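Colleague: Hi! Could you walk me through this protein in plain words?
Modeller: Happy to, let's put it on the screen.

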Amino acid sequence: MSSHNDTVTIAPEAVHLAKGSVWRLLPILGVVLAAAGLGGAFALRGEHHHEFWFAYLVAWYTFLAIGLGGLFFVIIQHLVRAGWSIAVRRLAENVAITLPVLCLVGLPVVLFGMHDLYHWTDTAAVDADFMLSNKKGYLNEGFFQIRVGVYFVIWSLLSLLFYRWSTTGDDDAERAARNADTARGFAAPALFLFALSLTFAAFDFLMSLDPHWFSTMFGVYYFAGCCLSIHAFLTLVSRSSCASQAT
């Protein structure tokens, strides 16, 4: 393989949206549409609470997989000090920064949907079931909510930190170099926290839907889905961007 050290100067307008650009309104439009969609979903669920919460969990965890995949992509690129990925890493950072919002969207599952989703929240059923009674030290509402809070804090902080380290150096080369060193140094512990939180979150939110079934590979299975999701997303966005520039 050959290596080229040619320096390419990128104009600021190619990095940042202009102040009057209509594209700056997209986050506001997204918030409005999300609020309308959530409000309509809760208003129209009627008496079908079980079906509603299962559909909500599947939809939320599907988009969460893309966000977590973006965070993993960013962490692993810093960990291995990859230079080639700089062209697409900002796309992954923009995906990962949605995690604080996705965590907020997941709060209704924890606050309102647990009794419709999880059989182990029924104390009478747990006491009458030998397997569930032996798992209630882990599968109980209080400990579940504490664990979910830890997951959400880890994901939100990691996404915010890596995004900040990347974007605050856009206009300052020296600061960008310092931030890159900081991100690379923090990548290893970040990956450890990410792996543990993602694995146990998959156990808690998905595998415990059927508390009598268990698999030590379930977290790996969901992690593979996150990786596939983010690579598919980055491919589609990159190709669409190249196509729009070509026209």
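Modeller: One term before we begin: two residues are in contact when they have heavy atoms within 4.5 Å. Also keep in mind that this is a predicted model.

Colleague: Got it. So which residues is Trp155 in contact with, leaving aside its neighbours within four places in sequence?
Modeller: Leu64, Leu68, Leu71, Leu99, Cys103, Ser197, Leu198 and Ala201.

Colleague: And which residues touch the most other members of the largest nonpolar core?
Modeller: Trp155 is one of them, along with Trp60 and Phe205, in a core of 55 residues. Two or more residues each come from α2 (49–79), α3 (86–96), α4 (99–111), α5 (114–117), α8, α9 (173–205) and α10 (218–246). Helix α2 gives the largest share, 14 residues.

Colleague: Is there a general idea behind cores like that?
Modeller: Yes, in soluble globular proteins, nonpolar side chains tend to be buried together.

Colleague: Let's zoom out. How many helices and strands does the chain have?
Modeller: Ten helices and zero strands. Of its 247 residues, 34% count as buried. If you take contacts between residues at least 6 apart in sequence, 71% of them join residues at least 24 apart.

Colleague: What about the surface?
Modeller: The accessible surface comes to about 14900 Å², and 68% of that belongs to carbon and sulfur atoms. There is also a nonpolar surface patch of about 830 Å², made by Val22, Trp23, Leu25, Leu26, Ile28, Leu29, Val32 and Leu33.

Colleague: Where does Leu25 lie?
Modeller: Leu25 is in the segment before α1 (26–44). Its relative accessible area is 48%, so Leu25 is partly exposed.

Colleague: New topic: charges. How many salt bridges does the structure hold?
Modeller: Five. In one of them, Asp204 pairs with Arg147, with the closest N and O atoms 2.8 Å apart. That pair links distant parts of the chain, since Asp204 is in helix α9 and Arg147 is in helix α8, 57 residues apart.

Colleague: Are those two buried or exposed?
Modeller: Both Asp204 and Arg147 are buried.

Colleague: What about a pair within a single helix?
Modeller: Try Arg90 and Glu93, which both lie in helix α3, three residues apart, about one turn of the helix. Their closest N and O atoms are 2.8 Å apart. Arg89 is linked with Arg90 and Glu93 in a network of salt bridges.

Colleague: Why does Glu93 count as buried?
Modeller: Because its relative accessibility is 2%, and the cut-off for buried is under 20%. Arg90, at 26%, is partly exposed.

Colleague: Which residues is Ser166 in contact with, again skipping neighbours within four places in sequence?
Modeller: Those very network members: Arg89, Arg90 and Glu93. Ser166 sits in helix α8 (residues 141–167), and a polar contact of 2.9 Å joins its side chain to that of Arg90. With 15% relative accessibility, Ser166 counts as buried.

Colleague: And Asp181, what does it pair with?
Modeller: Asp181 forms a salt bridge with Arg184, and the closest N and O atoms are 3.9 Å apart. Both lie in helix α9. Asp181 is also 8.8 Å from His78, C-alpha to C-alpha, though the two are 103 residues apart in sequence.

Colleague: Last one: what is the phi of Arg81?
Modeller: It is positive, about 55°, although Arg81 is not a glycine. For background, most residues other than glycine have a negative phi. Arg81 is in the loop between α2 and α3, and it counts as exposed because its relative accessibility is 54%.

Key:
Residues are numbered from 1 along each chain as its sequence is written. This is a predicted model: local features need pLDDT of at least 70, side-chain atom pairs count only at pLDDT 80 or more; totals for chains, interfaces and linings use all residues. Side-chain values use heavy atoms; hydrogens and water are left out. Helices (H or I, at least four residues) and strands (E, at least two) are DSSP runs, numbered from the N terminus. Buried means under 20% relative accessible area, exposed over 50%, partly exposed in between (1.4 Å probe, protein chains only). A polar contact is a pair of N or O atoms within 3.5 Å; within protein, one must be able to donate a hydrogen and the other to accept it, and residues adjacent in sequence count only if both atoms are side-chain atoms. Patches are made of residues with over 30% relative accessible area and no salt bridge: like charges are joined within 9 Å, nonpolar side chains (Val, Leu, Ile, Met, Phe, Trp, Tyr) within 5 Å. Accessible areas come from the Shrake-Rupley method with a 1.4 Å probe; for residues, only the protein chains shown count as cover. A salt bridge is a side-chain nitrogen of Lys or Arg within 4 Å of a carboxyl oxygen of Asp or Glu. A nonpolar core is a set of buried Ala, Val, Leu, Ile, Met, Phe, Trp, Tyr and Cys residues joined through side-chain atoms within 4.5 Å.
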